Amino acid sequence: MRRWLPVLNRCRFPAARLVPVLAAVLVCLLAPVPGAAFAEARGAPVLPEPVRSVSENEAGGVVVMARPDSAPGAGERAQHGAAAKAVFPANDDMPAAEVGFSRDTSSPLLLAQAGQAREPQAGQGSRDVEALAEQRAAGQEGRMPSIRLFNTVEFRGTLKNMPKWQRVVTAEQRSRTFDGDLSAVMRPASVYAQWQQIVERVKGASDLEKAKAVSAFFNRWPYRTDQAVYKVADYWATPREFLKNSGDCEDYAIVKFYALVKLGVDPENMRVVALKDTIRNLAHAVLVLYTENDAYVLDNLTSMVLTHERYQHYLPQYSVNEVYRWAHVRPKKKK
């Protein structure tokens, strides 16, 4: 080999120069795409298997296109290779049961593959989370009005592949933070006293008034990154961990979620939403509270609790509660 080094150095074999170039090309081809790595780290779900595209028609309704061989009941269109289609009108009053899609009224405008996510399936999370899902799945049917959260269409799925969130849910099912003694983690003592005052003050108040009080209270905790607190890029803290260490955006959303549960708000009416702030071009997370006819955003960036319609720059990727997860797609406008 030594006797060949001078030869290579004099480039008598020009192909030798290509070796590092080819190696660099292979590294680029094999390296994961940064966006995909971010999606995996955040647990962002993909669209249900049969869904090919989501768009808006001239009347403002939603058109869901399915692959031809994956929509039961699509009939001749599927057999002849034409894409199956389900149309949901703008007012969302008309059910669309054809081509394998069904209107799911358990939360705002859910477009789910028929039968895909009616019951949590075994092996898709911790046993505690699965047991909770079994207890609540039936109770979610017909609970909420039709609301397009941040102007998106939603696809519901079982709560799986969300280890960070499932760890929080499991911990809270075993021992509710807000049912215990908070004096040791709400410091100084004056902060704990203020929390006790809030608990007393909002008794009998509406869910929205409770949300305003809770958001303003916990937004006083200092913002701290996961890297600074836990020495990792992404960590979902339990409420107890947040009260001791503070945290970042999804940690604010989580602590508010469970604080509102303590105050009597139905957990099925709330979701932690992971999204993109298109103005700052940053990943972000908020808590959303559904009321009878609207959805309100609890954001650590402001203590004002405003309707989701005020946040046109928020583009949700996925949302979760203790039972389900949802993928969000903003329909393409018809040109």
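Start your tour by selecting tyrosine 223, which is partly exposed, with a relative accessible area of 48% (buried means under 20%, exposed over 50%, partly exposed in between, using a 1.4 Å probe and protein chains only). You are looking at a predicted model, where local features need pLDDT of at least 70, side-chain atom pairs count only at pLDDT 80 or more, and totals for chains, interfaces and linings use all residues. Residues are numbered from 1 along each chain as its sequence is written, and side-chain values use heavy atoms, leaving out hydrogens and water.

Next, add tyrosine 252, which counts as buried at 2% relative accessibility. Rings of Phe, Tyr and Trp (its six-membered ring) pair if their centres lie within 6.5 Å, and planes under 30 degrees apart count as stacked, over 60 as edge-to-face and the rest as tilted. By this rule there are 18 aromatic pairs. Tyrosine 223 and tyrosine 252 make a stacked one, 6.5 Å centre to centre with 10° between the planes.

Now widen the selection: both tyrosines belong to one aromatic cluster with Phe178, Trp195, Phe217, Phe218, Trp221 and Phe242.

Trp195 and Phe218 lead to your last stop. They are among the residues with the most contacts inside the largest nonpolar core, which has 43 residues. Such a core is a set of buried Ala, Val, Leu, Ile, Met, Phe, Trp, Tyr and Cys residues joined through side-chain atoms within 4.5 Å. Which other residues have the most contacts inside this core? Select Trp165 and Met186 to see them.
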